[in-house]
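Below is a short report on backbone outliers, one helix, charge pairs and a surface patch. Please read it with the model open.

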Amino acid sequence: MPRLLLSLFFAGCLASPVFAQTPLIDGYAAPGTTGYDASIPTPEEVLGYAIGERHTRPHEVVRYFEVVAEASDRVVLAQHGTTYGRRPLIHATVTSSGNHARLEVIRQANLRLSESPNGVSDGEISAMPAIVYLAYSVHGNEASGTEAALLTLYHLAAGQGPAVEHVLDNAVVIIDPMLNPDGRDRFTNWANSYRSPAAPTLDTQDREHNEAWPGGRTNHYFFDLNRDWLPAQFPESRSRLEVFHNWRPQFVADFHEMGAEATYFFQPGIPSRTNPNTPEQNQILAGAIAEHHAEAFDAVGQLYYSEESFDDFYYGKGSTYPDVNGAVGVLFEQASSRALQRTTSYGSLHYATTVRNQFIASLSSLEGVLANREALLRFQRDTYRDAPNVAGRVGAQGYVVAMDRYPQRAAELVRTLQRHRIQVYELARPVQAGGRRFEPGKAFVVPFDQPQAQLIKAMFEEVTTFEDSLFYDVSAWTFPYAFGLQYGAVSRMGGLRGGMLGNVSSGRGNDRQAAYAYLMPWGHYFAPRALYRLQRAGIVARLSFEAFETTVAGARRSFERGTIVIPVQQAEVDRETVHQLVNEAREADGIEIVAVSGGLTPGGPDLGSRSAATLEKPSVAVLSGPGTSSYRVGEAWHLLSERMQIPVSLIDKDGLAQLDLDRYTTIVAGGLSEMEEADQEALLEWVRDGGTFIATGQAAGWASENGFLEAEQDELEPDSTRIPYADQDETAGAQQISGAIFEIDLDTTHPLGFGHPNRVAVFKTNTLFFESITPTGNDVGVYTDEPLLSGYISGENLERLAGKSAIMAAEQGDGHVVVMDFEPTFRAFWYGTDGLLLNAVFFGGAF
């Protein structure tokens, strides 16, 4: 086959001192381009190879962007963040030199479309450039997008001719070449390391074609960054949102790859699965721009499709988040070669061909945006003009959210809202809402009377009815539920809004020194981090199983079950060190630790009671590797290591029988689907010898099926109804739970429930339905009689779920098994149930 490389693309760059010729990859020439400025270095000149010949590593991408920015007055390069792996996150702002000279004026004028839309006339819009955000390869192993970003940068920086000049004069183009450098680094190292430069193979059984677990799709902690635009929990997303809202683009292109046997997809997606909050005009504009993609691919004979497979429902993706911010987001999916080349039913697919298509779509996006420039600008202005009408559609003027019981979670929610430029205010007077009373100083309000009203609605609403029963991703994401906070809709905002909240402090510490002991109430989000901090230093702490009252600073005070008792007198740590470490925990973890002067209590057990248990410092392993979900592994790893600063060992589930499991007090499994018999027996023996095994989500089913606890599942009876072949996938899909929010009744007298309310919102993505395990264990959490809070579940499954067990705990020999049939740490933003997993880690061996 011919070499589908970019050497032809740059063949004339050195032949002329001024301009190069225009043939591009595989015979493709960008329309309206007459040549390229030879003073702008080509990728091949900088990297030493033609684009498409190998997978470009992250540091090489950065180097090329730096070189071009230095050489071109059309390009300004900026670093907007840093990954967990300490890799830079960069973007290039590309426009004409004249536009660069007044770039801040352009930016401020563009922001008026969303911040003061009533003051922007059609006449002003006619003279405004469009803001375009080109976002490449958020999934690190969908690598062709980043290569196309290199070409797009070169094309706009060096290109000559009317098409390029039209873009530069009428648009500000932000090129974000790799949204996930850590994932890309894993993938490119794999692909380049297992390829012969002299004779690459098309054999899909070769190692180059079979990337090892966890793959390069995800970030450092194995999270899918294309689900994090809305939760915004990771440095890549947070810094990207700064760029996004600093500019508020009218168009965002989101470049991906899909299976090798597909062709090329561009949005609009499936019409019935568009989020109802997305304005109709958004889809009309996406369709108008799609005509330009079709024309460009028709010209090269590339097969493509639209309005199938993918949807525009969940706002946490790169192609949908813009839709609720007055912009048009478009998803592009290229059939993936993954390796340099591979065989498909269409013939050989070369990496360079995939890059070519992504490059073509980049240019057709710019062409489509400019053809619809004024319509896109008016759409953004009119969307924000509509913000005052959102309250009427909701039937409320805003929301009030409690901060009293869980101030750290509330502070995290406030910070999340503020990342999306949502204005949050102090509550100025008491108000009754959502079945409870909210008090000033203990709650905040989020009014609809602000530009981001539509996004507020999308983040707070509870939805249980849907036009379609199939979802590409989750069906619900109500943020107060995710953060485990009580909230309510407010019908009238008059007098409720106090001062705007700035940086929210979640600290409740004090520096009082104890004569006898310290008491740490459980339930504050970072209490587990503080406890581990003390345990790591050798301090022995006790867990109170009963509520009690004692005297604090001369006043009587109640403490709930789960309070941590920290005696000042320690066997291995002197009193002054105890005081110092407690103060460090107060300051660093922002939690309340109370000083008491004696062990007698006027109500409940004394502080030295036999009813309390001495806590062992946890040593945690998480099962990983093939046969586990990297998402679930990453969620546990991130919570424990990154947030709680607890060392975690990721151990392969294959080969457990050869490991020394006695090093661990606790082993966590998430998304586990299978295990070799010898390894399973080793794990079960470790539990019986005193270990604590925690299985969450799909792993709960595996644990129940393999003898770790006696829990029966409610299996759905086979349906013999004859279903037409064309309807079978949709019928089966309607019985799935793609991601919805349910309510459980929690036994707060059990250690697993300490620090939580008796009603908890959980996130479930599976169809596991567990019967009660009483009397062989404890049903710590049970789905309520009407469990659905938000999201899609079929009527039949909803009936089955009511009253089923969600959290189960049982003894197994000298050890313990804890099972949760939901995802307690879902996507790192389900703060409300993180504590359930942490309770299992710290208290799992104490019941």
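Pro268 sits in the loop that runs between strand E9 (264–266) and helix H10 (280–300). Helices here are DSSP runs of H or I with at least four residues, strands are DSSP runs of E with at least two, and both are numbered from the N terminus. The peptide bond from Gln267 to Pro268 is cis, with omega near 25°.

This is a predicted model, in which local features need pLDDT of at least 70, side-chain atom pairs count only at pLDDT 80 or more, and totals for chains, interfaces and linings use all residues. Residues are numbered from 1 along each chain as its sequence is written, and side-chain values use heavy atoms, with hydrogens and water left out.

## Backbone outliers

Most residues other than glycine have a negative phi, and most peptide bonds are trans. Several sites here depart from that pattern. A cis peptide bond also joins Trp213 and Pro214, with omega at about 5°. Pro214 is placed in the loop between H8 and H9.

Ala232 is not a glycine, yet its phi is positive, about 55°. Ala232 too has its place in the loop between H8 and H9. Is Ala232 buried or exposed? Ala232 counts as buried because its relative accessibility is 0%. The cut-offs are under 20% relative accessible area for buried, over 50% for exposed, and in between for partly exposed (1.4 Å probe, protein chains only).

Ser309 is another non-glycine residue with a positive phi, of about 70°. Ser309 lies in the loop between H10 and strand E10 (328–335). With a relative accessible area of 40%, Ser309 is partly exposed.

## Helix H9 and the loop before it

Asn219 is found in the loop between helix H8 (181–193) and H9. Asn219 counts as buried, at 0% relative accessibility. Asn219 and Leu303 are 84 residues apart in sequence, and their C-alpha atoms are 31 Å apart in space.

Helix H9 covers residues 235–247, which is 13 residues. How does the span of H9 agree with 1.5 Å a residue? The expected span is 1.5 Å times one less than the number of residues in the helix. For H9 that gives 18 Å, and the end C-alpha atoms are 19 Å apart, so the two agree. Buried residues of H9 include Glu236, Arg240, Leu241, Phe244 and Trp247. Arg248 follows H9 and has a positive phi, near 55°.

## Salt bridges

Side chains of opposite charge can pair when their charged atoms come close. The structure holds 41 salt bridges. A salt bridge is a side-chain nitrogen of Lys or Arg within 4 Å of a carboxyl oxygen of Asp or Glu. Three of these pairs are tabulated.

| Acid | Base | N to O |
|---|---|---|
| Asp122 | Arg381 | 2.7 Å |
| Asp449 | Arg497 | 3.7 Å |
| Asp654 | Lys653 | 2.7 Å |

Take the bridge between Asp122 and Arg381. This pair links distant parts of the chain: Asp122 is in helix H5 (residues 122–126), Arg381 is in helix H12 (residues 373–385), and they are 259 residues apart. Asp122 is partly exposed, at 44% relative accessible area. Arg381 is buried, at 4%.

Next comes the bridge between Asp449 and Arg497. Here too the pair links distant parts of the chain, 48 residues apart: Asp449 is in the loop between strand E17 (443–447) and helix H15 (453–460), and Arg497 is in strand E19 (residues 497–500). Asp449 is exposed, with a relative accessible area of 58%. Arg497 is partly exposed, with 32%.

Last is the bridge between Asp654 and Lys653. Asp654 counts as partly exposed, at 40% relative accessibility. Lys653 is buried, with a relative accessible area of 0%. Elsewhere, salt bridges that share partners join Glu142, Arg217, Asp224, Arg227, Asp473 and Arg827 into one network.

## Negative surface patch

Which residues form the negative surface patch? They are Asp662, Glu676, Glu677, Glu681, Glu685, Asp689, Glu811 and Asp814. Patch residues have over 30% relative accessible area and no salt bridge, and like charges are joined within 9 Å. Asp and Glu count as negative. Helix H20 (residues 677–688) gives the most to the patch, with 3 residues.

Asp662 has its place in the loop between strand E28 (648–652) and strand E29 (666–670). Asp662 counts as exposed because its relative accessibility is 62%.

How values were computed. Patches are made of residues with over 30% relative accessible area and no salt bridge: like charges are joined within 9 Å, nonpolar side chains (Val, Leu, Ile, Met, Phe, Trp, Tyr) within 5 Å. Accessible areas come from the Shrake-Rupley method with a 1.4 Å probe; for residues, only the protein chains shown count as cover. The place of a charge is taken as NZ of Lys, CZ of Arg, CG of Asp or CD of Glu.
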